Amino acid sequence: MSMMQEAQMKSPLHTLPRLSAMLDREIWIKRDDANGDILTVGNKKRKLQYLLSDAIQKGADTVITTGGPNSNHARATAAMAIQLGLKPILVLGGHKPESKKGNHLLNHYMGVDVVFSGASTHEEMEKALNQHVEKVKAEGLRPYVIGVGGSNGLGSLGFVDAYFELKEQATEKKVQFDWLFASAGSGGTIAGLIYGCYLHKDATRIVGVSPWLRTAGIKAKIESCLHEAVSLKGDGRKLHLDDLPVYIHDEYIGEGYGYPTDGGMEALHLLASKEAILLDHVYTAKAMAGCIDYIRKGKVRPGEKVLFWHTGGTPGLFAISG
Ligand SMILES: Cc1ncc(COP(=O)(O)O)c(C=O)c1O
């Protein structure tokens, strides 16, 4: 089985029986935290199938990307590039950590070239990335450049496919979801899910929980991915988030990107203790905190069915202590 075929294997869909009983709502989970091994696992894999196929088609020998210092996207990009015989280079934001933990440790074991640029915003990271690309080209390499989080229209197509995968499984299990919750970091994941949901004419309400950007910033990123994905599909429509049943939240960020929150840590402990499923403190715990908050506030009404999309990221959890 080739790497790309393996990458297309379905991730499990199942109920969370003990959490559902505790919160008095039927809660399901889509396990993209279980769609690969520790190096390739997570939501980024679905985008990278498209992006790395494009890299190969364009004759690249190197893949260069960026992200935060403990970026899941960067680690998954490096791992999948290695499996395809491409050289990965990571130009990460922030500063070199004092000790190697989490994704940084995994990058070290993979022998990846990592540069820390000191950047802290998406824009600064992409600027540092582009400067490094010029250097790499001058060395005679043929780099394929992937921006923050692999979030563009092409990457989002992986999540249009993911929504189709979900529909097939949900039909088999005879379940229809009223709500879908997911983390929205750089926007590509949720953009693909929104477009997939739209193509199925589903009435599912999609809630995106930001771990980083304020609502206006993440909405702009989602919309840009959505427009690009729609045009890549040769679909002439212009979809606007405000016309769709989509809700984007920034109130679960807490102190900032990567800082654990009380709500997130409660969600992390609940999932681990009730279902033996690990969330990560940066993305999925905050998204689950949003989901639990919706349930506790009665926004998810009795009898409504909820899907939580677990986007992975567990290796990042091992960068902090408990
Ligand atoms: C574990 C995890 N969940 C969710 C996200 C957010 O996905 P996206 O950047 O496509 O919005 C990311 C990456 O940013 C991630 O690493």
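Two residues are in contact here when heavy atoms lie within 4.5 Å. Keep that in mind as we walk through this structure, which is a predicted model.

Let's start at T62, which sits in strand β3, the stretch covering residues 62–67. Leaving aside residues up to four places away in sequence, T62 touches L86, K87, I89, V136, L141, R142, P143 and Y144. Its relative accessible area is 0%, so T62 counts as buried, the cut-off being under 20%.

Now zoom out to the sheet around that strand. Four strands make up an open sheet, in the order β5-β4-β3-β6, with parallel pairing. The edges belong to β5 (113–116) and β6 (143–146); each has a single partner strand, so one side of each has no neighbour in the sheet. On average, and ignoring direction, neighbouring strands of this sheet are turned by 20° against each other. If you want to look at one pairing up close, try β3 and β6: they run parallel and are joined by four bridges. In that pair, I64 stands opposite V145 in β6. Helix α6, residues 122–138, packs on the sheet and touches β3, β4 (87–92), β5 and β6, with its direction at about 160° to that of β3.

On to the charged side chains. A search of the whole structure turns up 20 salt bridges. One of the pairs is E168 with K10, where the closest N and O atoms are 2.8 Å apart. This one links distant parts of the chain: E168 belongs to helix α7 (residues 153–172), K10 to the loop between α1 (3–7) and β1 (13–15), and 158 residues separate them. How accessible are the two partners? E168 is partly exposed at 46% relative accessibility, and K10 is partly exposed at 44%.

The salt bridge between K58 and D54 has another character. The N to O distance is 3.0 Å, but here K58 is exposed, with a relative accessible area of 60%, while D54 is buried at 14%. The cut-offs explain the labels: K58 is exposed because its value is over 50%, and D54 is buried because its value is under 20%.

Back at the sheet, D113 and K87 also meet through their side chains in a salt bridge, at 3.0 Å from N to O. D113 lies in strand β5 and K87 in strand β4, so this pair ties together parts that are 26 residues apart in sequence. Both ends are partly exposed, D113 with a relative accessible area of 38% and K87 with 32%. Elsewhere, salt bridges with shared partners join K30, D32, R46 and E165 into one network. As for K87, you have met this residue before, among the contacts of T62.

The last stop is the ligand. Which residues come nearest to it? Of the 16 residues around the ligand, they are K44, K47, S186, T189 and T311. Two of these can be followed down to atom distances. In the side chain of S186, an N or O atom is 2.5 Å from an oxygen atom of the ligand. For T189, a polar side-chain atom lies 2.6 Å from a ligand oxygen. N43 joins in too, with an N or O atom of its side chain 3.0 Å from an oxygen atom of the ligand.

Note on methods:
Residues are numbered from 1 along each chain as its sequence is written. This is a predicted model: local features need pLDDT of at least 70, side-chain atom pairs count only at pLDDT 80 or more; totals for chains, interfaces and linings use all residues. Side-chain values use heavy atoms; hydrogens and water are left out. Helices (H or I, at least four residues) and strands (E, at least two) are DSSP runs, numbered from the N terminus. Buried means under 20% relative accessible area, exposed over 50%, partly exposed in between (1.4 Å probe, protein chains only). Two strands pair if DSSP finds at least two bridges between them. Axes are lines fitted to C-alpha atoms, for helices over the stretch in contact, and angles run from 0 to 180 degrees between N-to-C directions. A salt bridge is a side-chain nitrogen of Lys or Arg within 4 Å of a carboxyl oxygen of Asp or Glu. A residue is near a molecule or strand if one of its heavy atoms lies within 4 Å of it. A polar contact is a pair of N or O atoms within 3.5 Å; within protein, one must be able to donate a hydrogen and the other to accept it, and residues adjacent in sequence count only if both atoms are side-chain atoms.
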